[in-house]
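I opened a new notebook page for this structure. The entries below record what I looked up, in the order I looked.

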Amino acid sequence: MRKKYQLAYYAHSIKKYNTEQETLEYQFAKDMFHGFVICPNKHMEDVRIIEPYLDIVERVDVVYASEYNGCVGMGVFKECERALKFGIPVFVIKPSGVTFELEELISVDRIENGSLIMFGKLVSKKLSPKKVGAEKT
């Protein structure tokens with residue numbers, strides 16, 4: 001039986017909130033997905049605890065994640081870690097010229113002595129150029 005993706009989550013740094021970069025990445029995720037993409041900055045109440053965000057991640061079909069200066073903060077790290085734990089595909093939005101490309105997340109690595117903003121690294125591999133989420137077997 002084929003399953004169509006319906007709900008995705010855009011995991012990104014609060015440093016990108018209300019920036020042009022957020023708008024561009026979010027639009028790219030929406031263009032690549034057949035369904036609704038939740039942007040925590042636009043669709044969720046601003047809370048300072050991670051649990052509500054992790055609860056949402058557990059319920060989506062796909063997570064789109066982006067880095068900030070080559071790293072991810074603690075929130076994005078934990079969101080990606082949770083998605084991987086539950087077998088939810090995570091796609092990393094990577095700059096590619098004037099647009100973006102997707103890479104498949106393999107793992108998340110914690111940075112020793114990192115800060116809350118530079119907490120970890122996303123380990124990913126390149127994908128084929130087809131749209132993600134059209135159908136899944």
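These entries go from the overall fold to the cores, the pocket and a few single residues.

**Entry 1: the fold.** I noted that the model is a predicted one. I looked up the secondary structure and found four helices and six strands in the protein chain. Following the sequence, I wrote down the order β-α-β-α-α-β-α-β-β-β. I then checked burial: of the 137 residues in the protein chain, 41% are buried. For contacts between residues at least 6 apart in sequence, I found that 67% join residues at least 24 apart.

**Entry 2: the nonpolar cores.** I asked which residues have the most contacts inside the largest nonpolar core. They are Y9, V63, A65, C80, V90, L105 and L122, in a core of 21 residues. At least two residues of this core come from each of β1 (7-11), α3 (51-57), β3 (62-66), α4, β4 (90-96) and β5 (99-110). I noted that α4 has the largest share of this core, with four residues. There is also a second, separate core of 15 residues, and Y10, F33, V37 and Y64 are among them.

I picked V63 to see what surrounds a residue of the largest core. Leaving out residues up to four places away in sequence, V63 touches Y9, A11, V57, A83, I88, P89, V90 and F91. Two of the names in that list, Y9 and V90, I had already written down with V63 for their contacts inside the core.

**Entry 3: the largest pocket.** I looked up its volume, which is about 520 Å³. Its lining has 22 residues, and the closest to the pocket centre are I14, R48, I50, Y53 and G75. Which helix gives the most to the lining of the largest pocket? It is α4, with four residues. Both α2 (40-43) and α4 (74-85) supply at least two residues of the lining. I sorted the lining by class and got 13 nonpolar, five polar and four charged residues. I noted that α4 therefore appears in two of my entries: it supplies residues to the pocket lining and to the largest core.**Entry 4: E67.** I placed E67 in the loop between β3 and α4. Is E67 buried or exposed? Its relative accessibility is 16%, so E67 counts as buried, the cut-off for buried being under 20%. I found a polar contact of 3.0 Å between the side chains of E67 and K94. Not counting residues up to four places away in sequence, E67 touches K16, V72, V92, K94 and L122. L122 is also on my list for the largest core.

**Entry 5: M32.** I found M32 in helix α1 (residues 20-32). M32 counts as buried because its relative accessible area is 13%. I also looked up the distance from M32 to E101: the two are 69 residues apart in sequence, and their C-alpha atoms are 9.8 Å apart in space.

**Entry 6: two positive phi values.** I looked for positive phi in residues other than glycine and wrote down N18, with phi near 60°. N18 lies in the loop between β1 and α1. With 68% relative accessibility, N18 counts as exposed. I added N69, which is not a glycine and has a positive phi of about 55°. N69 is in the loop between β3 and α4, where I had also placed E67. N69 is exposed, at a relative accessible area of 58%, whereas E67 is buried.

Definitions and conventions: Residues are numbered from 1 along each chain as its sequence is written. This is a predicted model: local features need pLDDT of at least 70, side-chain atom pairs count only at pLDDT 80 or more; totals for chains, interfaces and linings use all residues. Side-chain values use heavy atoms; hydrogens and water are left out. On a 1 Å grid over the protein atoms alone, a cavity is a set of points where a 1.4 Å probe fits but cannot get out, and a pocket is an open set with protein on both sides within 12 Å along at least five of seven lines; lining residues have an atom within 4 Å of a point. Grid points are joined across faces, edges and corners, and a volume is the space filled by probe spheres set on the points. Ala, Val, Leu, Ile, Met, Phe, Trp, Tyr, Cys and Pro count as nonpolar, Asp, Glu, Lys and Arg as charged, and the others, Gly among them, as polar. A nonpolar core is a set of buried Ala, Val, Leu, Ile, Met, Phe, Trp, Tyr and Cys residues joined through side-chain atoms within 4.5 Å. Buried means under 20% relative accessible area, exposed over 50%, partly exposed in between (1.4 Å probe, protein chains only). Contact means heavy atoms within 4.5 Å. A polar contact is a pair of N or O atoms within 3.5 Å; within protein, one must be able to donate a hydrogen and the other to accept it, and residues adjacent in sequence count only if both atoms are side-chain atoms.
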